[in-house]
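Got your viewer open and a hand on the mouse? Let's walk through this model one selection at a time.

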Amino acid sequence: MVGIADLGTAGPGEVLAAIGLGSCVAVAIRDRRGRRGALAHIMLPRQSDGRRREGENMRKYADVAVGEAVRTLEGGGCRRADLEAKIAGGASIFDLGRGTDGGEIGARNVEAVVRALEAAGVRLVASDVGGREGRTVEYSIETGELAVRTVRGLRRSI
């Protein structure tokens, strides 16, 4: 289980999961050869957007978590050229009104994740983002399947 603002890694035959994705985005990165994979549960776009506090978990930011996931996989023997990513989440759960910083946080999270993946040189191969309902995901390192379930019980696989 990968909690909010956390990053998990696993090997062949293992499954990583993140529950309760609202505006948060799950970033699943895997070595195409299936040796290792990572799942990050990101809550905010960029570290420069927030007020920093000492001891703060920086994995909540897309730009930090994606880079850390890639470095961790490379440290485990994966080649960056073999990495691919899938993302899910980024819903607009809370209607805070137009013009507020929180109103579009899901879309901003998705945009930041896509940019972080591009900056890291990791190919985005599938996504299930946006909308107005929360999601839970399960990521199979062996197959690369990202199973997405919505709060209404809809299931899809990307």
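## First stop: A5

Start by selecting A5, which counts as buried with a relative accessibility of 5%. Keep in mind as you click around that this is a predicted model. You'll find A5 in the segment before β1. Now check its backbone: phi of A5 is near 60°, which is a positive value in a residue that isn't glycine. Why stop for that? Because most residues other than glycine have a negative phi.

## Zoom out: the whole chain

Next, clear your selection and switch to a cartoon view. How many helices and strands does the protein chain have? There are two helices and nine strands. Trace the chain along its sequence and you'll meet them in the pattern β-β-β-β-α-β-α-β-β-β-β. The radius of gyration is 15 Å, close to the 15 Å that the globule rule gives for 158 residues, so the chain is as compact as a globular protein of that length. Rotate the C-alpha trace and you'll see that it spans about 45 × 40 × 25 Å along its principal axes.

Try a surface view too. The accessible surface comes to about 7,900 Å², and carbon and sulfur atoms own 48% of that. As for the inside, 48% of the 158 residues count as buried. The chain also brings together residues from far along the sequence: among contacts between residues at least 6 apart, 64% join residues at least 24 apart.

## The five-stranded sheet

Back to the cartoon. Color the strands β1, β4, β3, β5 and β6: in that order they make an open sheet of five strands with mixed pairing. At the edges stand β1 (7-10) and β6 (123-129); each has a single partner strand, so one side of each is left without a neighbour in the sheet. On average, neighbouring strands here are turned by 15° against each other, ignoring direction.

Now select residues 25-31 and 37-42. These are β3 and β4, and they pair in the antiparallel sense over six bridges. Pick V27 and look across: which residue in β4 stands opposite V27? That's A40.

Then add residues 62-75, which form helix α1. This helix packs on the sheet and touches β1, β3, β4 and β5 (83-89). Its direction makes about 165° with that of β4.

## A closer look at D128

Follow the sheet to β6 and select D128, which lies in that strand. Is D128 buried or exposed? Its relative accessible area is 12%, so D128 counts as buried. Show side chains and find R135: a polar contact of 2.8 Å joins the side chains of D128 and R135. Leaving aside residues up to four places away in sequence, D128 touches I87, A88, G89, R135, V148, R156 and I158.

## Last stop: the four-stranded sheet

Finally, select β2, β7, β8 and β9. In that order, these four strands form an open sheet with antiparallel pairing. Its edge strands are β2 (15-21) and β9 (155-157), and each of them pairs on one side only. Neighbouring strands in this sheet are turned by 15° against each other on average, direction ignored.

To finish, zoom in on β8 (residues 146-150), which pairs with β9 in the antiparallel sense over three bridges. Click A147 and look for its bridge partner in β9, which is S157.

Conventions
Residues numbered from 1 in each chain as written. Predicted model: local features only at pLDDT ≥ 70, side-chain atom pairs only at ≥ 80, totals over all residues. Heavy atoms only, no water. Pairing = 2+ DSSP bridges. Axes fitted to C-alpha atoms, helices over the stretch in contact; angles between N-to-C directions. Contact = heavy atoms within 4.5 Å. Buried < 20%, exposed > 50% of the residue type's maximum accessible area, 1.4 Å probe, protein only. Polar contact = N/O pair within 3.5 Å; in protein donor to acceptor, adjacent residues only side chain to side chain. Rg over C-alpha atoms; globule rule 2.2 N^0.38 Å. Areas by Shrake-Rupley, 256 points an atom, 1.4 Å probe, with all protein chains shown as cover.
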